[in-house]
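Trainee: Before we begin, I should like to ask how the terms used for this model are justified.
Mentor: Please take the terms in turn, and I shall set each against its definition.

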Amino acid sequence: MLSAQAAEAIILEQVGPPHQQDIELVKLSEATGRILAAPITSELDFPHWDNSAMDGYAVRYADVAQSSAENPVTLAVIEEIPAGYCPQKTIAPGQAARIFTGACLPAGADTIVIQEDTQPDGDRIKILTTPELRAFVRHQGSYSRAGDPLLPAGISLGVAEIAVLAAAKCVQVPVYAKLKVGLISTGNELIPPEHPIAPGKLVDSNQYALASWVMQMGAEPVILGIIPDEPEALKTAIAKALLSADIVLSTGGVSVGDYDYVGQILADLGGEILVNSVAVKPGKPLTFATFPHCLYFGLPGNPVSALVTCWRFVQPALRKRSGLTSEFWGPEWWRVRSPMELRSGGKRETYLWGNLRSVNGETQFILAPGSQNSGNLINLAQTNALAMLPVGQTCIEAGEFVQILKVR
Ligand SMILES: Nc1nc2c(c(=O)[nH]1)N[C@H]1C(S)=C(S)[C@@H](COP(=O)(O)OP(=O)(O)OC[C@H]3O[C@@H](n4cnc5c(N)ncnc54)[C@H](O)[C@@H]3O)O[C@H]1N2
Ligand code: MOO
Ligand SMILES: [Mg+2]
């Protein structure tokens, strides 16, 4: 049995980055959640022009360096500059321009006085304070200069990145193609949710759970359905899956039972089986095999085992394969306090599910009530974290810190 760390390393080592031909251009409006495939630079300075951060007056600092409420300097207002307008005049000594937030600074001016610190006087303005030199001026190029890198390749595009791409006028975005993830449920007991339940039968929840996870990860699920525990049917289905996906996830059939055929079939199909048992709970029979153009994860059938192994082992692999740079592969560990005692058998790296909650300003892990059994998917709902007890640690006392994996 491999340790979790050894299995993780073996899996990640086998995962390659996307290929160059996997790059496509998408519209910016459809780029959310996609992974940038090339670095982005802009031909523009940010800000594009010196401009005002406030509503007020553009002045020459030298004119107002001694100004105060008691001894205000009075300046002639020679132009009004709203946002979007290009100033026509140069501010000479003794002059100012009315200016508004976002408007271009006129030539000659170097400082903004906010209107609260002024008093209008016909077509002149009294300055009631001494501003700081260059106060409230947003200088051209002070955020980023033309030609500077704006975004690196290998990041996921979220709200802020989309804003930057829009500002840089990048309306066609180079991204990596979505990975295709084949999904197979194995088991004679399984029925789709639409079918009537019968004695001994069970609804295939794994297929829906994994399809949901695959979509959340920005990949494309390829639904291959329920396959009975029959070697020939399974072999045909797995062979088909290997041709139609970059990564295949099956659930069930990987343990030691007489109907657990997945490992043997992977070997028969020419797969190199690198992992078939890992010291994690739940998830011990996790199986990983490589094929020339496909990675195969045989996840355990129990619903919680399938998801825990997915979050812990498949997620970093999928992130790497989808083009993210290494800092984003995870797993991302956090350390938070648990107000409750947490227990483990100590023989396998053990995962308990629960919630991260903010309690009096501190993040805490709250264990999900009910049975922490890998067959119980009911109390996995509405959780958002897994607490991890390493091998050898049988207990975390109430109030102590525990290592956490954020999930979903
Ligand atoms: N003698 C031993 N028995 C078992 C061992 C062991 O070491 N020795 N390991 C146990 C552990 S741990 C796990 S986990 C399970 C994994 O078994 P399999 O991956 O072979 O999965 P199945 O036997 O096919 O099913 C297990 C369980 O999960 C239910 N299931 C399966 N598919 C689905 C699905 N698509 N949706 C919902 N539920 C599903 C299935 O009905 C079974 O109850 O093996 C232990 N046994
Ligand atoms: O390891 Mo199994 O995944 O306990 O249920
Ligand atoms: Mg089994």
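Trainee: What is the order of the strands in the open sheet of six strands?
Mentor: The order is S7-S4-S6-S5-S9-S8, with mixed pairing. This is a predicted model, in which local features need pLDDT of at least 70, side-chain atom pairs count only at pLDDT 80 or more, and totals for chains, interfaces and linings use all residues. Residues are numbered from 1 along each chain as its sequence is written, and side-chain values use heavy atoms, without hydrogens and water.

Trainee: What makes S7 (111-114) and S8 (118-121) edge strands?
Mentor: Each pairs on one side only; two strands pair if DSSP finds at least two bridges between them.

Trainee: How do you know that S5 (residues 73-81) and S6 (residues 95-99) pair?
Mentor: Five bridges join S5 to S6, and the definition asks for at least two, so they count as paired. The two strands run parallel, and Glu79 stands opposite Ala97 in S6.

Trainee: Why are both entries for Asp260 called donors of the magnesium ion (ligand 3)?
Mentor: Donors are N, O and S atoms within 2.8 Å of the metal (3.2 Å for Na, K and Ca). The Asp260 (OD) donors lie 2.4 to 2.6 Å from the ion, so they meet the definition. Water is not among the atoms, so the site may look incomplete. Asp260 is in the loop between strand S17 (247-251) and helix H6 (262-268).

Methods: Chains lettered and ligands numbered in written order. Helix = DSSP H or I, 4+ residues; strand = E, 2+ residues; numbered from the N terminus.
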